[in-house]
Amino acid sequence: MDCDKCGREAVMNAAYSGLHLCEDHFLSSVDKRVRRRVREDNLVPDDATPEEPETWVVGLSGGKDSVVLTDILHRTFERDPRIELVALTVHEGIEGYRDESVAACEELTAELGVRHELVSYEEEFGVRMDDVVEDDPENMAACAYCGVFRRDVLSRYAEELGADKLLTGHNLDDEAQTALMNFLEGDLAQIAKHFDASLGGFDERGAGEDPTREAGDHFVPRAKPLRDVPEKEVALYAHLADLPAHITECPHASEAYRGEIQSLLHDLEENHPGTRHSIMAGYEELAALAAEEFGAREGGSADLGKCEQCGAATTRDRCRKCSLLDALHAA
């Protein structure tokens, strides 16, 4: 197949758009989608200046998604003094797997000249995921523990690093899976939370324009600039750009329900190209409406207090992280 843009040999065919693209035009198309998402979500505020720049902390795991995101953001803003990038890597304590991905993070950040911070569950909590999986006092999937701990570490360190925004490498497949799971579970409050946490734009727009998220006071706001790019295209980009990505699944990954949703979406996309894009387009509209009703608006969600043990924001007396750690240390 030939590239639809220039006639050279195509390296990919996007069934959802019908486009055949060569290497150069494919790489350019991914760059453009990420930069368009940055613009549409207004990640760079009008008041950002070289004297008072925005600090963006990027959650860099060493996997394909976060590596591609970090690379694109660096090339986009390396000459823009309004934006400062900091890469934050979390070592969960998974022998072999995370050690190799940390090496990829160090190689990438050294090559780009991006500040790199590394933290670990062992230093922060006194636990390693390899041991958590073995003990499992709550009889949960490893991802359930890890998700709670990772969110806590990313949020706390983003705040300590003075982040204005926390950026993660969630791709189109990730977001479509989450959207479908939230919808099938009928959890409108979670859908609203999803919008205010990472889907809505940051600016105040006029009547009739796209809705924006409601800013919260308890957490560094998150953004997902890679969320318009399918997973396979992210992997192809990492390969063609020769980025040091560690493309291996976590040995403890066991999210059975998400796995079912992933398989369902894969089949739907194969038979009906564009399904993921359609899901997200409709979901974002629904999430915006849900946020108006159930989100962090006046008279909306429950007030957040502080965990009596660690001081983290929570609706309970003790946050989920502290409850899990107590169970693990008692095991």
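1. Start with helices α10 and α11 in this predicted model. The axes of α10 (residues 256-271) and α11 (residues 275-294) come within 8 Å. They cross at roughly 115°. That makes the two helices, α10 and α11, roughly perpendicular. Angles of 65 to 115 degrees count as such.

2. The residues behind this contact can be listed. From α10 come L265, L268 and E269. From α11 come T275, R276 and I279. By class, the contact of α10 with α11 has 3 nonpolar, 1 polar and 2 charged residues.

3. A second helix pair is α2 (residues 64-77) with α9 (residues 231-240). Their axes come within 9 Å and cross at roughly 65°. α2 and α9 are therefore roughly perpendicular to each other. The crossing of α2 past α9 is left-handed.

4. Which residues of α2 and α9 meet? On the α2 side they are K64, D65, V68, D71, I72 and R75. On the α9 side they are E231, V234, A235, Y237 and A238. The contact of α2 with α9 divides into 6 nonpolar and 5 charged residues, with no polar ones.

5. Now the sheet. It is open and has 5 strands, in the order β5-β4-β3-β6-β7. The pairing is parallel. β5 (115-120) and β7 (222-223) stand at the edges. Each has a single partner strand, so one side of β5 and one side of β7 are left without a neighbour in the sheet.

6. Inside that order, β3 (residues 54-59) pairs with β6 (residues 165-167). The sense is parallel, over 3 bridges. One residue pair can be named: V57 has L166 in β6 as its bridge partner.

7. A helix also packs on the sheet: α3 (residues 97-112). Helix α3 touches β4 (83-91) and β5. The direction of α3 makes about 165° with that of β4. β5, touched by α3, is also one of the edge strands.

8. Last, the overall picture. The protein has 12 helices and 9 strands. Its C-alpha atoms fill a box of roughly 65 × 50 × 50 Å, taken along the principal axes. What radius of gyration would a compact globule with 331 residues have? The expected value is near 20 Å. The protein has 20 Å, which agrees.

Technical notes. Residues are numbered from 1 along each chain as its sequence is written. This is a predicted model: local features need pLDDT of at least 70, side-chain atom pairs count only at pLDDT 80 or more; totals for chains, interfaces and linings use all residues. Side-chain values use heavy atoms; hydrogens and water are left out. Two strands pair if DSSP finds at least two bridges between them. Helices (H or I, at least four residues) and strands (E, at least two) are DSSP runs, numbered from the N terminus. Contact means heavy atoms within 4.5 Å. Axes are lines fitted to C-alpha atoms, for helices over the stretch in contact, and angles run from 0 to 180 degrees between N-to-C directions. Angles under 35 degrees count as roughly parallel, over 145 as roughly antiparallel, 65 to 115 as roughly perpendicular and the rest as oblique. A crossing is left-handed if the near helix is turned anticlockwise from the far one by less than a right angle, and right-handed if clockwise. Ala, Val, Leu, Ile, Met, Phe, Trp, Tyr, Cys and Pro count as nonpolar, Asp, Glu, Lys and Arg as charged, and the others, Gly among them, as polar. The radius of gyration is taken over C-alpha atoms; the globule rule is 2.2 Å times the number of residues to the power 0.38.
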